[in-house]
Amino acid sequence: MKIACLGGGPGGLFSTILLKARNPGHEITVYERNGAEDTFGFGVVFSQETLDNIETADPETFKLIEERFRIWSAIDVDYLGHRERSDGHAFSALARKDLLGILGRRATELGVRINYRTNAPALTELQASHDVVIAADGVNSTTRTALADELRPELDRRPSKYIWFGTTRPVDCFTFVFADTPHGLFWAHIYPYDDTMSTFIVETTPETWARAGLDALAARPRTPGESDGGSLAFCQELFADHLDGHPLVGNNSGWLNFTVVRNESWHSGNTVLIGDAAHTAHFSIGSGTKMALEDAIALADALTENPDVAAAFAAYEDARKPVAASLQRSAQTSMEWFEGISRYRDIPPEQFVFQLLTRSQRITYDNLKLRDAGFMARLDAWLGETARGQGLEVDAGTPPMFYPFRLRSLTLPNRIVVSPMAQYSAVDGVPGPWHLVHLGSRAVGGAGLVMTEMTCVSPEGRITPGCPGLWNEAQAEAWRAVVDFVHTESSAKIGLQLGHAGPKGSTKVMWEGMDAPLDDGNWEILAPSPLRYHSGSQLPREMTQHDIDRLIADHVHSTRLAEQAGFDLLELHFAHGYLVSAFISPLTNRRTDAYGGSPEKRARLGLEVLDAVRAAWPAEKPISVRISATDWADGGVTGDDAVALARLLAEGGADIVDVSTGQTSTRARPRYGRLYQTPFSDRIRHEAGVPTITVGAVASVDDANTIVMSGRADLCAIARPHLVDPYWTLNAALDQGHLGHELPKQYLSGRSARRRAQQP
């Protein structure tokens with residue numbers, strides 16, 4: 001084939017190497033506008049996984065790269081004078097200039113023609129004269145711009161400011177240094193890439209950057225290739241203690257904003273994107289070059305193994321897009337952690353270091369124990385001392401998920417919550433034997449808190465005819481039987497989730513059609529505004545003041561019945577598009593009265609419900625409120641709104657916020673993934689200063705331990721795993737060898753059987 005490659009970066013050059021090595025008959029030309037020696041940047045970092053992939057794809061290139069590696073295994077953190085080292089990691093780096101030299105020479109030896117200092121011909125001309133056009137033209141790809149209608153790119157320019165330097169100051173591992181100033185916090189990402197040089201990236205928030213006067217320095221004109229000398233001098237003085245007399249070195253260094261690049265499609269016709277042209281991942285996880293090289297491997301494989309270009313490009317996308325999306329999710333989480341770093345300014349330094357190391361959610365509590373048992377032993381000891389200082393009884397060696405937790409006079413034996421899960425099995429709102437077994441078995445199974453599904457305050461407040469309620473004595477009596485079993489036969493506590501379905505009511509049970517309106521027997525449904533949840537939904541009636549007054553009274557009545565039934569905790573359901581949630585979201589609230597408009601007015605109904613319920617609920621018992629922290633839709637609730645709402649709820653008497661997201665609009669486009677809602681919990685906990693429950697894609701014991709140790713949430717609500725394993729928490733204790741967890745006396749023989757099975 002005749003192949004043109006636009007861009008002589010690592011991804012572009014390596015793709016041409018692999019294609020030419022596999023088929024010397026290919027005619028391949030690279031167009032690179034810079035010279036062979038005009039390398040911008042300093043070092044590039046590789047993981048062991050990437051190195052293995054390079055070695056498999058082209059052993060000769062790997063050998064040349066390996067000779068230049070700087071290898072290390074530790075991460076050092078200096079957080080405002082608190083120094084900690086975590087070992088057992090695996091990194092390799094070399095100078096970007098050396099990498100490009102190796103790849104350029106290897107490509108040339110194989111017969112690839114590289115045109116340095118040459119602008120590529122017009123894209124249409126290349127498409128017409130070549131079989132394949134590889135667009136490796138970087139984050140500012142002109143190819144992507146030209147093909148925007150077909151590729152449908154999304155460019156997200158992030159707020160934080162950063163600048164790249166090098167330094168001669170020797171470091172022996174990845175190092176993070178945090179420096180406090182009167183203007184705010186600055187931090188440096190530092191790593192060695194040869195025997196004499198290290199990359200030194202300085203980052204800060206835009207507010208701190210402006211307060212420090214760096215905006216004025218950045219505005220000064222610079223000639224091409226010139227560094228921002230004023231900013232270099234500022235950063236050199238700021239980190240003088242760490243630099244220890246060594247200078248910072250510029251190389252076209254100026255302040256930048258990171259741009260997250262995503263594309264719905266990576267190819268159009270015979271043109272395909274690789275590397276930063278297709279996707280970017282924040283430098284805090286060091287994966288830009290990694291992703292570009294792995295793109296090159298996948299593209300070469302696809303073009304070699306498939307009969308035509310269209311099939312090859314489809315196979316390339318099938319192979320790489322899921323991997324890139326997963327890595328981008330981790331990079332996004334890491335990037336947003338740094339963007340919000342001010343929220344962690346006052347947490348204990350030990351917890352700050354753990355937050356930093358686990359920020360991308362790819363490194364976990366168990367993973368760090370494997371990498372550096374000594375580091376984690378110090379951290380476990382700190383957590384135990386902290387808990388005992390709060391008057392909690394914790395034995396040495398207790399996993400974080402088994403630490404007790406206190407809300408008002410309620411003490412939970414551990415941090416695991418059986419999340420509210422709709423069962424659709426009530427008759428006339430009365431819970432039956434199914435609810436006793438469902439909740440009772442999970443209480444016996446070891447969770448610290450079991451939550452009922454949303455229990456409705458009135459018949460017309462139900463989602464479906466199968467939803468439970470608490471508006472009469474018969475329902476209270478039935479719930480009392482469940483509560484008594486939990487209290488008598490387990491150490492768990494039990495909470496009632498109370499709510500009103502609003503515009504999502506009067507629908508079929510899940511297995512007959514999720515959110516589908518009833519064929520007959522519909523009841524009138526209410527909403528802040530007369531807007532259907534989806535096109536096939538029943539049209540709700542806009543609530544009047546009389547309706548609002550009745551809703552509040554219904555909540556108070558149900559609250560008193562909940563106390564009569566003996567529940568330990570009450571949770572108000574203000575999430576997922578149900579009635580109060582519909583008031584909170586601007587997507588579903590179009591009112592112009594006191595309950596619509598500003599975020600404070602849209603929160604008014606929820607705050608009035610909370611105020612009335614708090615007055616009716618015993619002062620010694622806690623109240624939780626579940627919220628949707630984002631609508632995942634343009635114009636909807638955002639993370640900023642959720643923090644403000646959480647503050648209002650805490651001021652109104654909520655003791656803990658159960659942080660979910662979405663399910664408020666059919667326009668939502670959630671970014672699903674492991675622990676995808678936990679960052680919202682983390683933010684609310686630290687910015688609003690209120691305890692939180694995290695829920696959603698928390699699936700493993702390791703997840704729970706990591707979340708509790710890091711302080712991203714106080715409690716972990718586990719949903720679907722509990723559906724298939726009622727004894728999830730009990731099994732977690734056995735798997736971790738934790739003997740401090742209570743086991744029902746009827747099941748004591750199971751513990752000894754497990755021990756025998758685990759013996760060699």
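In this predicted model, Tyr676 is a buried residue, with a relative accessibility of 19%; that value falls in the buried class because the class takes in residues under 20%. Tyr672, in contrast, counts as exposed, at 54% relative accessibility.

Aromatic contacts offer a friendly way into the fold. A pair of aromatic rings is described by the distance of the centres and the angle of the planes. The count for this structure comes to 28 aromatic pairs. One of them joins Tyr79 and Phe178, whose ring centres are 5.6 Å apart with 75° between the planes, an edge-to-face arrangement. Tyr79 belongs to strand E5 (residues 75–79) and Phe178 to strand E11 (residues 174–181), so this pair ties together parts of the chain that are 99 residues apart in sequence. Tyr79 is buried, at a relative accessible area of 3%, and Phe178 is likewise buried, with a value of 3%. Tyr672 and Tyr676 also make an edge-to-face pair, because their planes stand at 75°, with the ring centres 5.2 Å apart.

Tyr79 and Phe178 are also members of one aromatic cluster. The cluster further includes Trp72, Phe91, Phe174, Phe176, Trp187 and Tyr191, together with Trp337, Phe338, Tyr344 and Phe352.

Rings in this model also meet charged side chains, and Lys504 provides the example here. Its charged end sits over the ring of Tyr533, at 4.6 Å from the ring centre. The charged end of Lys504 sits over the ring of Tyr578 as well, with 5.1 Å to the centre of that ring.

Key:
Residues are numbered from 1 along each chain as its sequence is written. This is a predicted model: local features need pLDDT of at least 70, side-chain atom pairs count only at pLDDT 80 or more; totals for chains, interfaces and linings use all residues. Side-chain values use heavy atoms; hydrogens and water are left out. Rings of Phe, Tyr and Trp (its six-membered ring) pair if their centres lie within 6.5 Å; planes under 30 degrees apart count as stacked, over 60 as edge-to-face and the rest as tilted. Helices (H or I, at least four residues) and strands (E, at least two) are DSSP runs, numbered from the N terminus. Buried means under 20% relative accessible area, exposed over 50%, partly exposed in between (1.4 Å probe, protein chains only). A charge sits over a ring if NZ of Lys or CZ of Arg is within 6 Å of the ring centre and within 35 degrees of the ring normal.
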